[in-house]
Amino acid sequence: MTDSVYRNHFTTIIARTLSAVIFISIWILYMTFSNEEELKVEYFLAVVAVLALAVFCVSWRIWKLTTYTFTDSELVVFKNTVWKAKVEIRYDRMASVQVVRGFWNMIFGTSTLKFNVNSAVNSRNAEATLVLRKDLADELRETINNRMFGKFTTSIQEDTDIPSMIRVTNTEVVIHSLLGQPTWSIVFSLLMLLYSVWGLATGSAGNFIIGAAMFVFTMAVPVVKVIIKYGNYRIYRIGDTITVHSGLFVTSRKSFKVGKVNSARMRSPLVPRMLGMCTLEAEVVGAMDDMGIPLICPLKKKAVVRDFMKQILPEFYLEEEVIHQGPVTLGIMAVKSVPAAAVWLAASLIIRDVYADDLDSIWLNVILIIGIAGAAVILAYMASRYRVRTFSSGEKLFRITRGGFDIADEYLMYDRVQIAGVSSGPIQRRYGLGTLRIMTLSSVGYRDIRSGIFPMDVIAQVPETVIGRIRDGRYDYRECP
């Protein structure tokens with residue numbers, strides 16, 4: 001590869017300017033209507049025009065003075081805007097080159113390339129991003145991937161005939177987009193929807209706009225993004241490289257080495273768990289994008305996902321005896337949860353009593369219901385944490401089931417563990433119990449994974465095994481990221 005110099009596509013300037021205009025306009029309109037003031041069109045247009053011009057000038061300077069040079073061995077990013085900066089990224093240290101196609105990309109026919117390295121502290125914020133015309137971005141990504149993975153395909157179209165290892169319909173993608181979100185996110189979105197309806201019913205434009213905007217950005221937008229990104233989903237594995245094809249309108253491809261997978265996760269939010277469904281995700285160092293960590297399988301029946309895991313990631317499949325938390329653990333949890341529920345209920349009753357003369361009986365009953373429901377949720381969460389948290393271990397890997405309403409089965413290899421330790425509080429020590437704490441290098445930096453409460457002799461074997469594999473030579477650094 002001869003040295004090639006690129007700049008971001010010029011439409012990045014237009015996209016930033018239009019985004020600023022939209023944001024400024026919404027903010028001015030909201031402030032005007034919420035204060036019940038008259039909108040002065042000439043002042044409004046003048047302010048928007050001045051700020052848009054400022055954004056355009058700054059964006060143009062950044063575009064003009066930022067270059068990306070691709071040499072035979074590395075990517076060199078040079079910035080000379082306010083301060084000079086030069087970033088050199090070797091191809092053999094890159095973890096992934098990802099394609100992101102947001103709203104403006106689709107409008108202008110461009111793609112955003114994200115270059116992540118193995119040591120990324122947070123690969124959401126990639127070490128370098130480059131916006132190019134879509135066909136040029138695909139060609140450049142293929143060239144870099146050839147050097148990273150040793151694959152010599154020249155275009156995405158060449159391997160479209162390779163069958164997917166699991167059949168995923170677009171209907172299943174829609175279900176995944178709706179139910180695959182964390183339960184707290186769905187609850188918050190529904191509350192915002194109710195808030196907007198309440199604002200509309202009471203004639204409060206400000207409350208309606210806030211509630212509707214929050215619902216759109218927390219529920220509608222994520223659902224649409226997931227459908228667009230994972231439509232026409234296809235996945236396969238060749239050797240030690242996993243490739244994911246997806247895209248409802250435009251096909252994108254993501255490839256990563258199995259050696260860069262730090263853990264596999266079977267995740268099940270509350271509603272899918274009640275339906276016996278879960279997703280399969282892989283924690284790949286440096287391979288996170290704007291949608292989260294790589295999705296291996298969308299929501300399907302848990303038995304189907306487990307069978308697929310044997311095929312796509314057999315290195316992380318574990319079938320060992322499952323250890324559950326003991327009865328004493330429930331008592332330890334109750335020491336925290338029962339007082340918390342009592343305080344919540346008591347606070348609600350006090351508030352209800354304080355405002356008894358100022359509020360209608362309907363609102364007093366609402367406060368009472370919130371108090372009772374909140375206390376019930378705290379106790380139910382405690383009971384769920386006690387029931388679902390388990391632990392199991394094998395020769396090369398172990399599994400931690402964590403969560404409460406939403407649960408996740410984390411499959412981790414001993415050789416991928418960065419830090420392992422066991423902690424035990426005053427009450428836990430009395431009964432010989434403790435909590436396992438694991439830290440691994442993930443796509444968002446270091447992840448802190450904590451187990452439930454188990455006998456010390458059971459969970460202490462994890463840090464002992466990690467050190468033991470290093471000492472006796474079973475640890476192989478070549479298999480780790």
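**Surface patch, sheets and aromatic pairs**

Tyrosine 355 is found in the loop between α10 and α11. In this model, which is predicted, tyrosine 355 has a relative accessibility of 41% and therefore counts as partly exposed, the class that lies between the limits of 20% and 50%. Tyr355 belongs to a nonpolar surface patch of about 1,100 Å², to which Trp198, Trp344, Ile350, Ile351, Val354, Leu359, Ile362, Trp363, Val366 and Ile370 also contribute. The two helices on either side of that loop take part as well, since α10 (327–354) and α11 (361–388) each supply at least two residues of the nonpolar patch.

Turning to the sheets, four strands are arranged in the order β1-β2-β3-β4 as an open sheet with antiparallel pairing. The edges of this sheet are occupied by β1 (4–6) and β4 (84–90), each of which has a single partner strand, so that one side of each is left without a neighbour in the sheet. Neighbouring strands here are turned against each other by 15° on average, direction ignored. Within the sheet, strand β2 (residues 66–70) and strand β3 (residues 74–80) are paired in the antiparallel sense over five bridges, and threonine 69 has valine 76 in β3 as its bridge partner.

A further open sheet is formed by three strands in the order β5-β6-β7, again with antiparallel pairing. Here β5 (94–100) and β7 (128–133) stand at the edges, and because each has a single partner strand, one side of each lacks a neighbour in the sheet. The twist from one strand to the next averages 20°. Antiparallel strands β5 and β6 (residues 110–117) are joined by six bridges, with valine 97 standing opposite phenylalanine 115 in β6.

Phenylalanine 115 also enters into the aromatic contacts, of which the structure holds ten pairs. In one of these, the rings of tyrosine 6 and phenylalanine 70 have their centres 5.6 Å apart and their planes at 80°, and the pair is therefore edge-to-face. As tyrosine 6 lies in strand β1 and phenylalanine 70 in strand β2, this pair ties together parts that are 64 residues apart in sequence. Both residues fall under the 20% limit for burial, tyrosine 6 with a relative accessible area of 18% and phenylalanine 70 with 0%. Phenylalanine 70 is paired with phenylalanine 115 as well, the ring centres being 5.8 Å apart and the planes at 50°, so that this pair is tilted. Because phenylalanine 70 lies in strand β2 and phenylalanine 115 in strand β6, the pair ties together parts that are 45 residues apart in sequence; phenylalanine 115, like phenylalanine 70, is buried. Elsewhere, Phe391, Phe398, Tyr414 and Phe454 form one aromatic cluster.

Strand β17 (residues 407–413) is mostly covered, with seven of its seven residues buried. In a regular strand the side chains alternate between the two faces of the sheet. In β17, Ile407, Asp409, Tyr411 and Met413 point one way, whereas Ala408, Glu410 and Leu412 point the other way, and all are buried. Strand β11 (residues 261–268) is paired with β17 in the antiparallel sense over six bridges, and arginine 267 stands opposite alanine 408 in β17. Strand β16 (residues 397–403) also runs antiparallel to β17, to which it is joined by seven bridges, with isoleucine 400 opposite glutamate 410 in β17. These two strands, β16 and β17, form a hairpin with three residues between them.

Key:
Residues numbered from 1 in each chain as written. Predicted model: local features only at pLDDT ≥ 70, side-chain atom pairs only at ≥ 80, totals over all residues. Heavy atoms only, no water. Pairing = 2+ DSSP bridges. Axes fitted to C-alpha atoms, helices over the stretch in contact; angles between N-to-C directions. Patch = residues over 30% accessible without salt bridge, like charges linked within 9 Å, V, L, I, M, F, W, Y side chains within 5 Å. Areas by Shrake-Rupley, 256 points an atom, 1.4 Å probe, with all protein chains shown as cover. Salt bridge = Lys/Arg side-chain N within 4 Å of Asp/Glu carboxyl O. Buried < 20%, exposed > 50% of the residue type's maximum accessible area, 1.4 Å probe, protein only. Phe/Tyr/Trp six-rings, centres within 6.5 Å; stacked < 30°, edge-to-face > 60°.
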